[in-house]
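Here are a few short exercises to work through with the model open beside you. Try each task before reading its solution.

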Amino acid sequence: MMRVLLLGKLGQLGWELHRSLSPLGELIAVDYPEIDLSQPEQILQLVRRVQPAVIVNATAYTAVDRAESEPQAAMDINARAPGILAEEARTLGAGLVHFSTDYVFDGATDHPYIEADHPIPLGVYGQSKLEGERAIQACGGAYLILRTSWVYSLRRDSFVTKILSWARRQETLKVVSDQVGNPTWSRQLAEITAQLLAESIGNSAGWLAERAGLYHLAGSGYASRLEWAEAILRLDPRREEQVARQVLPALTADFPTPARRPLFSALNCDHFTSVFSLRLPTWQDALALALDADV
Ligand SMILES: NC(=O)c1ccc[n+]([C@@H]2O[C@H](COP(=O)([O-])OP(=O)(O)OC[C@H]3O[C@@H](n4cnc5c(N)ncnc54)[C@H](OP(=O)(O)O)[C@@H]3O)[C@@H](O)[C@H]2O)c1
């Protein structure tokens, strides 16, 4: 048994972590506005009061486009707060599990990225997440940074819920075919995180310190957004409600957005598997389970 502090319990991933971390022992789970990670003093007070064995940070400023006009807010939450958490964890002798993103890469490649590849973020969100990674790494200690990609949940607005909803209202969907990544079901990411932490019970900081580092962890295989959308429509358990008759390919350039997005940002997760002997299932299997679970 151990005491875990979960930050961001209402997010796509955080909500699933709230479920999957519960069996590990005493779980203190919080989110905004109970805790505002842009306020360093609040972070210090919370961590010092709870004295956890492990901190799991599922909070983030994830509004990729809005970040372009609110860079300070993105930096405070995605860069400064993780650094403070890492320092507090190290002082306490606690472990830290943090999540980062494929958007640290520019996507100008044709092979899945490994951890050693050089990050070149295209926007404020990716830059702020990269600085968060670096703040944790500079602090050292017992940390895991799990870089993931294209996270979805059926509970909050996500690519999957948007496609399902558009397919019930429009005969034709246009979806970009030139963005490629690994769709990752938030529930499976949460479950694998819980499995890791279960291994560490009794000596979490020591166990994590031995394996400390940055790992890519996302659904196995990769797809374009178009292929992902087609799979969502095919696996939709309530297909009879769809009015969509065709899904047409589009280009990222057809949908100008404030933030540029990487085109090919798939992650190679072999390093994670070699260290932990675990992997996330294929994105297709995960999607089928996710859609089934929502029925
Ligand atoms: N979503 C993706 O496609 C994706 C892809 C790659 C990596 N990731 C990473 O995966 C992790 C989880 O992402 P997610 O999709 O679960 O994010 P999410 O659904 O946006 O959840 C983030 C949570 O953080 C909270 N939060 C935001 N600002 C806060 C603040 N100032 N103080 C305290 N809490 C605050 C949010 O609260 P509000 O809802 O009230 O703002 C929300 O509950 C993040 O590290 C993210 O960068 C996500």
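**Exercise 1.** Find S128 in this predicted model and work out whether S128 is buried or exposed, and which residues S128 contacts outside its neighbours within four places in sequence.

*Solution.*
- Step 1: Locate the residue. S128 is part of helix α4.
- Step 2: Check the accessibility. Buried means under 20% relative accessible area; S128 has 0%, so S128 counts as buried.
- Step 3: List the contacts. Leaving aside neighbours within four places in sequence, S128 touches A74, M75, N78 and A79.
- Step 4: Look for a polar partner. The side chains of S128 and N78 make a polar contact at 3.0 Å.

**Exercise 2.** Describe the surroundings of the ligand: which residues come nearest, and which elements each supply at least two residues of the shell?

*Solution.*
- Step 1: Start with the nearest residues. There are 26 residues around the ligand, and D31, L37, T62, Y125 and K129 come nearest.
- Step 2: Look at the polar atoms. A polar side-chain atom of D31 is 2.7 Å from a ligand oxygen atom, and a polar side-chain atom of Y125 is also 2.7 Å from an oxygen atom of the ligand. V151 takes part through its backbone, with an N or O atom 3.0 Å from a ligand oxygen atom.
- Step 3: Consider the cover. On its own the ligand has 900 Å² of accessible area, and the protein covers 83% of that.
- Step 4: Trace the shell to its elements. At least two residues each come from α1 (12-21), β4 (95-101) and α4 (124-139). The largest share, 3 residues, is supplied by β4.
- Step 5: Sort the shell by character. The shell has 12 nonpolar, 9 polar and 5 charged residues.

**Exercise 3.** Decide which residues of helix α10 are buried and why they lie on the same side of α10.

*Solution.*
- Step 1: Pick out the buried residues. In α10 (residues 283-293) these are W283, A286, L287, A290 and L291.
- Step 2: View the helix along its axis. The buried residues span an arc of only 130° around the axis, so they sit on the same side of α10.
- Step 3: Identify what this side packs against. The partners of the buried residues are β6 (151-152), α5 (159-167), β9 (184-185), α6 (186-199), β11 (223-224) and α8 (225-235).
- Step 4: Turn to one residue of α6. Q188 lies in that helix, and with 10% relative accessibility Q188 counts as buried. Apart from residues up to four places away in sequence, Q188 touches L280, P281, A286 and L289.

**Exercise 4.** Examine the backbone at P33, Q51 and W150: where does each lie, and what are the backbone angles?

*Solution.*
- Step 1: Begin with P33, in the loop between β2 (25-30) and α2 (40-50). The peptide bond joining Y32 and P33 is cis, with omega of about 5°.
- Step 2: Move to Q51, in the loop between α2 and β3 (54-57). Q51 is not a glycine, yet its phi is positive, about 50°. With a relative accessible area of 44%, Q51 is partly exposed.
- Step 3: Finish with W150, in the loop between β5 (142-148) and β6. W150 also has a positive phi, near 40°, in a residue other than glycine. Its relative accessible area is 8%, so W150 is buried.

Note on methods:
Residues numbered from 1 in each chain as written. Predicted model: local features only at pLDDT ≥ 70, side-chain atom pairs only at ≥ 80, totals over all residues. Heavy atoms only, no water. Buried < 20%, exposed > 50% of the residue type's maximum accessible area, 1.4 Å probe, protein only. Helix = DSSP H or I, 4+ residues; strand = E, 2+ residues; numbered from the N terminus. Arc of directions from axis to C-beta. Contact = heavy atoms within 4.5 Å. Near = heavy atom within 4 Å. Polar contact = N/O pair within 3.5 Å; in protein donor to acceptor, adjacent residues only side chain to side chain. Areas by Shrake-Rupley, 256 points an atom, 1.4 Å probe, with all protein chains shown as cover. Nonpolar A, V, L, I, M, F, W, Y, C, P; charged D, E, K, R; others polar.
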